[in-house]
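User: I would like to go through this model by question and answer, starting with the metal sites and then moving to the pocket and the strands.

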Amino acid sequence: MKISVVKSEAAKVSADVLVIPVFGGTDFDAKKVKDIPDALRSKFQKMAAGVKFTGKAGQQVLLQTEGTDHLVMGLGDRKGDVAASLREACGAAFHAARRLGYKRMAFALFGKELLKEEHVEGLALAAILSDYAFDTFKKENGERKVEDFMIVVDEARDMMKFRKAMERAETIADGVNVARDLVNTPAQEITPSHLAEAAKEIVKVSGSVLKLTVLDRKACQKLGMGAYLAVSQGSEEEPKFIHLTYTSPRPTKKSIAFVGKGVTFDSGGLSLKPADGMMTMKCDMAGAAAVLGFFATLARLKPRVNIHGVIAATENMPSGKAIRPGDIVKSMNGKTIEILNTDAEGRLTLADAMTYIIRKENPDVVIDLATLTGACVVALGEEVAGVMSNDRGLAKNFLAAAKNAGEKFWELPLEDRYRSLVVSDIADLRNIATNKYGGTLTAGLFLEEFVEKKPWAHLDIAGPAFAEKPLSSYIGRGGTGFGVRTMITFVEAIK
Ligand code: BES
Ligand code: ZN
Ligand code: ZN
């Protein structure tokens, strides 16, 4: 799909459809909607009255003609989150385009309330994310695709800025789509070795700002990563411990580490999951995929902070070599863990990954992203991720970045009184709580044992990382790349 920003009057746009977004409210007046050709005016007013169109978000009126169709879309309140409404409207327009076979779509950003850089960026982002399809395994893909997406502006003054905003959106969307591809591709292909290869490829195309180290099983054994390797021992696939580094070309002393859960398939191990629960478990590397997608954007975005990306990649499989419930392992920071359920494997891999990066690089902040607990999906549903943090300032900054990026997170507590639930009788820790409640919180408390008092945030993305029903109008089913946009917004806000 070609995407561009062009200056034109509404009447002169050459496209199959022109989308006209309008604000809603009690004062909405169909007669005052500009940019509808005179010939369609009375038709629009009749249709708008017929469907009680008031510009509410999600409402649409389609005016079909011999030439360019006009699609009027409601944005809702002008005082609301307009960038978010535009992204939603854009996604909805793409649905209409697929239904009606539009190949050339124009989207009007007219007037100073709509024509802003962040709106150009939002539209371009939603367009590219809408255009995504995972069809590498399909013999035929019968989908009708938009070939040309034009953002039409009525003011040429800031054209350079608008084109920059569009390019930025392309970079971000590419990163999100890298993550979506990695999550959607089956686990038979996305093995730990393949994740390491994907990291290598990203470094290769990014030039000198990125570096990569991959540790094999032996190297991890030497470092004492007993928790991570315990997960991996049941699988035929070799574990790969991936460490990416971005060194900012701009002067900075700050550094941040993102640790992504990279379980390429989670069968549960000997604590085997039921068939239904296993069906989507190729998604258990979505945290890792998000870190990789995020790294794919860094050479272009050049944030002013040094960044580490860490992935303890492994598969979680049952076999004669697999870890048994009741086994005790020693993690890299010396704490022993009684593994009572081999399906609570993510925290074991993250424990060693966090110890490694803290000991090796001493970053100022650590953030982990993980499809960690089914309990988080029970608590927050399929669209909202959990955040837990030992640092108020970090939690606040992170949530602000998420809001700006348009991804939904909600904070959960690291409740001190639940800490004893992950203490074992015979080892330092146990990998599941002694009760069955608050599983997201006890998983977070377990992880906190490995952050050595660093400012740290834990993101449980089990819900939104893999969408069984669309996450928004512009992110459909399957891998969502959740987290990439927030990570970018977060590091760019670091001063
Ligand atoms: N990968 C799963 C969590 C998960 C569930 C992710 C649903 C995405 C969707 C994780 O490794 C797991 O199995 N967690 C267990 C923990 C339990 C054994 C304490 C869970 O949530 O059931
Ligand atoms: Zn599991
Ligand atoms: Zn898992």
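**Metal sites, pocket and strands**

User: How many Å apart are the zinc ion (ligand 2) and the zinc ion (ligand 3), and which residue coordinates both?
Analyst: This is a predicted model, and the values below are computed from it. The zinc ion (ligand 2) and the zinc ion (ligand 3) lie 3.2 Å apart. The residue that coordinates both is Asp-266.

User: Which residues coordinate the zinc ion (ligand 2), and at what range in Å?
Analyst: Asp-266 and Asp-343 each give an OD atom, and Asp-343 also gives its O. Glu-345 adds OE. Along the chain these donors follow the spacing D-x76-D-x1-E. The residues are therefore Asp-266, Asp-343 and Glu-345, at 2.0 to 2.2 Å.

User: What is the geometry at the zinc ion (ligand 2), given its six donor atoms?
Analyst: The angles among the six donor atoms run from 71 to 168 degrees. Six donors count as octahedral if opposite donors are over 155 degrees apart and all others between 65 and 115, and anything else is irregular. The site of the zinc ion (ligand 2) is classed as irregular.

User: What is the geometry at the zinc ion (ligand 3), and which residues coordinate it?
Analyst: The donors are Lys-261 (NZ), Asp-266 (OD), Asp-284 (OD) and Glu-345 (OE), at 1.9 to 2.4 Å. In sequence they are spaced K-x4-D-x17-D-x60-E. With angles of 77 to 173 degrees among six donor atoms, the site is octahedral.

User: Where in the chain do Lys-261 and Asp-284 sit, and how many residues apart are they?
Analyst: At the octahedral site of the zinc ion (ligand 3), this pair links distant parts of the chain. Lys-261 is in the loop between strand E9 (255–260) and strand E10 (263–266). Asp-284 is in the loop between helix H8 (275–278) and helix H9 (286–301). The two are 23 residues apart.

User: Is Lys-261 buried or exposed? And Asp-284?
Analyst: Buried means under 20% relative accessible area. Lys-261 has 2% relative accessibility, and Asp-284 also has a relative accessible area of 2%. Lys-261 is therefore buried, and Asp-284 is buried.

User: What are the burial classes of Asp-343 and Glu-345?
Analyst: The cut-off for buried is under 20%, and partly exposed lies between that and 50%. Glu-345, at 1%, is buried. Asp-343, at 22% relative accessibility, is partly exposed.

User: How many residues line the largest pocket, and which lie nearest its centre?
Analyst: The largest pocket has a volume of about 900 Å³. Its lining consists of 33 residues. Those nearest the centre are Lys-273, Leu-372, Thr-373, Gly-374 and Ala-375.

User: Which element gives the most to the lining of the largest pocket?
Analyst: The elements that give two or more residues to the lining are helix H10 (346–361), helix H11 (374–380) and helix H13 (439–448). By class, the lining has eleven nonpolar, twelve polar and ten charged residues. With three residues, the element that gives the most is H11.

User: How many of the ten residues of H13 are buried?
Analyst: The buried residues of H13 include Thr-440, Leu-441, Phe-446 and Glu-448. H13 is largely enclosed by the rest of the structure, because the buried count is nine of the ten.

User: How many residues of strand E8 are buried?
Analyst: Strand E8 covers residues 240–246. Lys-240, Ile-242, Leu-244 and Tyr-246 point one way, Phe-241, His-243 and Thr-245 point the other way, and all are buried. The strand is mostly covered, with a buried count of seven of its seven residues.

User: Which residue stands opposite His-243 in strand E7, and which in E11?
Analyst: Strand E7 (residues 210–215) is joined to E8 by six bridges, running antiparallel. Seven bridges join E8 to strand E11 (residues 306–316), also antiparallel. Opposite His-243 stand Thr-213 and, in E11, Val-310.

User: What is the strand order of the open sheet that holds E12, E13 and E17?
Analyst: Three strands form this sheet, and the pairing is mixed. Its edge strands are E12 (327–330) and E17 (429–430), each pairing on one side only. Two bridges join E13 (residues 336–339) to E17, which run parallel. The order is E12-E13-E17.

Terms used. Residues are numbered from 1 along each chain as its sequence is written. Chains are lettered from A and ligands numbered from 1 in the order in which they are written. This is a predicted model: local features need pLDDT of at least 70, side-chain atom pairs count only at pLDDT 80 or more; totals for chains, interfaces and linings use all residues. Side-chain values use heavy atoms; hydrogens and water are left out. Donors are N, O and S atoms within 2.8 Å of the metal (3.2 Å for Na, K and Ca); water is not among the atoms, so sites may look incomplete. Four donors count as tetrahedral if all angles lie between 85 and 135 degrees; four count as square planar and six as octahedral if opposite donors are over 155 degrees apart and all others between 65 and 115; anything else is irregular. Buried means under 20% relative accessible area, exposed over 50%, partly exposed in between (1.4 Å probe, protein chains only). On a 1 Å grid over the protein atoms alone, a cavity is a set of points where a 1.4 Å probe fits but cannot get out, and a pocket is an open set with protein on both sides within 12 Å along at least five of seven lines; lining residues have an atom within 4 Å of a point. Grid points are joined across faces, edges and corners, and a volume is the space filled by probe spheres set on the points. Helices (H or I, at least four residues) and strands (E, at least two) are DSSP runs, numbered from the N terminus. Ala, Val, Leu, Ile, Met, Phe, Trp, Tyr, Cys and Pro count as nonpolar, Asp, Glu, Lys and Arg as charged, and the others, Gly among them, as polar. Two strands pair if DSSP finds at least two bridges between them.
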